[in-house]
Amino acid sequence: MIKTLDKFSIGESGRVISVSGERKIKRRLYDMGITNGAEIYLRKKAPLGDPLEVTVRSYELSLRGTEAACVTLEVIPNA
Amino acid sequence: MQPIEIIVIIACVLIVGGVIATSIINKKKGKNSCGCDCANCSSCSVCKNKKENNEK
Amino acid sequence: MLRFALAGNPNSGKTTLFNSLTGSTAHVGNWPGVTVDKKEGVYKKADKPIAIIDLPGIYSLSPYTPEEVIARNYVLDEKPDCVINIIDATNLERNLYLTTQIMEIDVPVVLALNMMDAVEKRGDKIDEKELERRLGIPVVKISALKSEGVDKLMERAYEASQTARKGRTVIEDTALKHLISDIQIALDGQGVLNPLFHAVKLAELDELEVLMHKEAVNMVEAFKKTHIDDTFGDDFEALVADARYKYITKYFSPALKRKNKDKFVVTPSDKADKILTHKIWGIPIFLAILFAIFHLTFSENFLFLGGLLPENWVSLKGTAFEGVFGVGGINSPGVTLMRLVELLTGTISDLIAGWLSTSPEWVSGLICDGVLGGIFSILGFLPQILVLFMFFSILEDSGYMARIAFILDRALRKFGLSGRAFLPMIMGFGCSVPAMINTRTLADEKEKLATVRVIPFFSCGAKLPILTAISGAIVASFGVGNVDLITYGMYLVGIITALIAVIIMRKTTLNGNPPPFIMELPAYHAPQFRNLMMLLWDKAKHFIEKAFTIILASTIVIWFVSHFDFAWNFLPDDQMQNSILGGIGQLIQPIFTPLGFGSQLTNMGWVFAVAALTGLIAKENVVSTLGTLAACLVGVAVDVELDGGVLAVTKIMEITKIGLPALLAFIAFNMTTIPCFAAVAAAKSEMPDKSKFKWTLVFWISTSFIVSSAIYLIGTFWWTAFICLAVAFIVALFVRAYDKKVQAKGEK
């Protein structure tokens with residue numbers, strides 16, 4: 001299944017297929033390790049559902065729903 | 001005048017004058033006295049910036 | 001002298017390493033033209049001293065933020081003899097992303113693997129020799145916190161600096177490789193230094209490179225037309241980023257041997273995080289923690305045990321320590337310390353008054369009333385300032401603050417700010433100056449301006465005496481309320497004012513969308529006791545320094561100016577209203593009538609206006625001025641029982657017949673008006689635009705008048721509340737209309 005990061009539920013993980021959006025945001029996402037093939041795990045959502053906290057490349061990153069919507073992933077089914 | 005009066009007056013002039021003079025010198029150099037410690041506070045650094053701004 | 005640059009991600013322990021390398025030689029300056037920190041120091045443990053320069057924490061060398069531009073330009077233009085790249089070993093891959101970029105520059109590089117203790121605790125291992133082999137640069141394990149491996153690091157860095165090094169790239173994509181090598185050859189032919197680095201950045205069509213090497217851009221554009229990548233199309237930036245991480249994952253990550261193959265391990269930090277940033281309980285816990293901090297610092301009825309204890313059990317009545325541990329209720333640690341200091345200063349004052357009893361009247365007046373009355377009235381607050389500062393440092397150091405910013409981001413967005421604005425605002429509770437400087441982390445100019453403007457509303461440490469002295473006096477004289485509740489309440493007034501001001505600003509003159517909020521959340525870690533103590537000691541030192549210089553000079557001047565009239569006659573205490581200060585005070589006094597401390601007070605009422613004015617030099621002056629003037633008006637400078645600022649305010653209250661709402665208005669006025677000169681200067685330096693700065697001054701004055709008069713009017717004539725609400729409603733309508741207009745214009 002393919003969906004954007006903002007549509008993920010807590011505990012789900014996926015592999016990045018593509019990153020879209022404004023150049024500045026894209027670049028920032030790359031710099032922080034969100035590139036094709038990276039695995040992302042949705043750890044938490046703040047109260048009110050936004051921002052999201054994800055684990056990527058062994059560290060925690062927070063990003064808003066609008067930024068998460070720029071990341072398209074393929075869901076990794078939980079073994 | 002009693003000796004103590006003279007001492008006190010001189011002390012006052014020195015203190016007030018000294019503080020004002022130091023403030024002006026610091027301002028020219030760009031240093032700032034805010035009660036914070038630059039070496040430990042990683043985000044306090046008004047030191048050189050004002051100098052650059054003044055020189056522009 | 002050799003120069004080594006420290007480069008690395010934020011939160012990688014760079015600052016800790018820098019401090020341990022340079023010790024007290026560290027000196028903070030500023031990078032020309034930009035408002036970013038420049039930290040330099042000297043490492044003295046080698047044969048010859050080596051200059052160490054701490055570059056700002058960055059995630060990449062692409063020009064996304066001013067910090068990245070500075071770091072990049074420093075390495076390219078200033079040519080340090082070696083770059084020490086410090087890496088947080090607990091997230092190797094992302095840290096190495098920066099490393100691959102630094103390695104493209106023709107400069108010796110040494111990798112410092114920091115936080116190895118955290119890695120080993122997890123049971124993981126990093127084979128640094130393997131990493132060194134694959135990277136082609138020296139790799140040294142260190143623990144900056146424990147100062148382990150640091151000397152070895154410097155030795156290897158020194159070795160590396162003795163040999164020139166050519167840049168190397170990890171980009172393996174064949175097509176891109178050709179393009180890069182073509183550009184590199186072209187640049188090399190032109191005599192450009194670091195051709196490889198520039199070539200790679202040009203392939204990404206990096207904004208800075210495009211400006212510098214226009215001809216090469218044509219090469220890239222031509223190449224783009226002929227070569228469309230399957231995955232990324234013509235987005236070479238994505239291609240390059242992807243290539244870097246691919247290489248890192250393939251060749252460097254294997255050096256990390258995980259104990260737990262399970263991808264997402266739960267650490268103690270995670271467990272703590274689950275509770276502290278809980279979906280429902282996160283914010284209430286935060287508010288509870290804040291209240292606990294205030295209670296420990298300001299409360300005179302600790303744990304609200306007052307009513308339960310036998311009378312006089314705590315007050316030690318009749319002893320020398322009467323009142324120190326509580327009167328009625330138990331004093332919190334903060335207040336107890338304050339009382340102890342006041343006991344000390346009281347004893348000293350009496351002693352000195354005794355010595356001077358035979359001196360001329362003006363000498364004892366100046367020293368006892370003026371100097372001691374002024375300085376001792378604020379010295380008592382030092383313990384509380386330190387306690388508050390300590391708690392906030394712990395919150396910040398442990399990483400809790402970053403998590404709070406995360407929770408509050410959504411809420412703050414309603415005000416047009418991002419979660420990141422939260423940290424500078426909280427720092428404002430310590431001192432406005434570093435808080436304003438910290439707004440540099442806010443990339444969006446408008447958000448930054450709005451934040452800088454409201455930081456003074458988060459009452460800094462210097463304003464604490466004002467709050468505590470007046471609250472204490474209110475409780476003592478009117479018998480209403482608790483000191484900590486009033487103090488907490490007034491702090492809240494400041495915060496609410498700030499939020500409302502921000503909303504209005506963001507909807508009118510500083511309209512704009514909240515900036516992106518992609519932020520790393522570092523793991524929690526226990527704050528370092530030693531660092532904390534050093535910080536507190538330094539803060540205490542600065543406070544005392546300030547007290548015995550600026551405040552001392554101010555009290556001397558004020559005493560003189562309040563005891564001589566315009567004809568230079570010396571006046572006794574009870575004729576102060578005829579003095580120069582009295583003249584000035586009475587001149588400006590009417591301005592404050594709508595606020596409750598203007599013409600409606602007795603003939604000594606001008607002291608409030610004057611006190612507020614002296615606050616411009618340093619906010620501590622407000623209470624110390626009241627202290628000086630009170631001491632003169634009462635005759636006896638000091639009372640052993642209840643000393644210091646509270647007594648001064650109580651006396652002034654009696655003499656001027658000021659009412660409760662006016663007192664609260666006075667607090668509010670000082671909290672929201674123009675801050676001390678130091679903060680004004682800091683604000684100015686964060687706003688290169690002169691007109692914005694002028695408006696900021698206007699903003700501060702108008703806000704303080706509006707808020708204070710509202711408090712006074714509603715407090716005195718309760719029905720004015722309706723008028724205020726009506727006015728607020730109309731203003732809100734205007735603001736909404738303006739906002740809609742601007743949004744519509746933006747969408748066109």
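**Group meeting: chains A, B and C**

Let me start with chain B. Of its 56 residues, 36% count as buried. Chain B has two helices and zero strands. Keep in mind throughout that this is a predicted model.

Now chain A against chain C. The contact takes 32 residues from chain A and 32 residues from chain C. Which elements of chain A give two or more residues to the side that touches chain C? They are helix H1 (23-31) and three strands: S3 (39-45), S4 (52-56) and S5 (59-63). H1(A) provides the largest share of that side, with seven residues. By class, the side of chain A that touches chain C splits into 14 nonpolar, six polar and 12 charged residues.

On to the domains of chain C. The assignment gives domain 1, covering 2-161, and domain 2, covering 174-257. Their C-alpha centres lie 25 Å apart. The contact between them draws 19 residues from domain 1 and 18 residues from domain 2. Look at the domain 1 side. Helix H3 (92-102), strand S7 (125-126) and helix H5 (128-135) of chain C each supply at least two residues there. H3(C) gives the most, with five residues. In composition, the side of domain 1 that touches domain 2 has nine nonpolar, two polar and eight charged residues.

One residue to pick out here is C:Leu256. C:Leu256 sits in strand S9 of chain C, residues 256-257. Is C:Leu256 buried or partly exposed? It has 18 C-beta neighbours inside 10 Å, so it counts as partly exposed; buried would take 20 or more. Leaving aside neighbours within four places in sequence, C:Leu256 is in contact with C:Leu92, C:Asp124 and C:Ile126. Take C:Asp124. In sequence, C:Leu256 and C:Asp124 are 132 residues apart. In space, C-alpha to C-alpha, the two are 7.3 Å apart.

Next, the core. The largest nonpolar core has 237 residues. Which members touch the most others? They are C:Val110, C:Ala112 and C:Ala203. By element, helix H22 of chain C, residues 483-507, gives the most to this core, with 10 residues. Where does the core lie relative to the two domains? Domain 1 (2-161) and domain 2 (174-257) of chain C both give residues to the core, so it lies between them.

Stay with C:Ala112 for a moment. Not counting residues up to four places away in sequence, C:Ala112 touches C:Leu17, C:Ile84, C:Asn85, C:Ile86 and C:Ile87. The list continues with C:Val140, C:Ile142 and C:Leu153.

Last item: a helix pair in chain C. Two packed helices are described by the angle between their axes and the distance between the axes. Here the helices are H13, residues 282-298, and H14, residues 333-355. They pack at an angle of about 25 degrees, with their axes 3 Å apart. That angle makes H13(C) roughly parallel to H14(C), because angles under 35 degrees count as roughly parallel. Which residues make the contact? From H13(C), they are C:Leu296, C:Thr297 and C:Phe298. From H14(C), they are C:Pro333, C:Gly334 and C:Val335. By class, this contact has four nonpolar, two polar and no charged residues.

Terms used. Residues numbered from 1 in each chain as written. Chains lettered and ligands numbered in written order. Predicted model: local features only at pLDDT ≥ 70, side-chain atom pairs only at ≥ 80, totals over all residues. Core = buried A, V, L, I, M, F, W, Y, C linked by C-beta atoms within 7 Å. Buried ≥ 20, exposed ≤ 12 C-beta atoms within 10 Å, placed from the backbone. Helix = DSSP H or I, 4+ residues; strand = E, 2+ residues; numbered from the N terminus. Domains from an automatic or database assignment. Contact = placed C-beta atoms within 7 Å. Axes fitted to C-alpha atoms, helices over the stretch in contact; angles between N-to-C directions. Parallel < 35°, antiparallel > 145°, perpendicular 65-115°, else oblique. Nonpolar A, V, L, I, M, F, W, Y, C, P; charged D, E, K, R; others polar.
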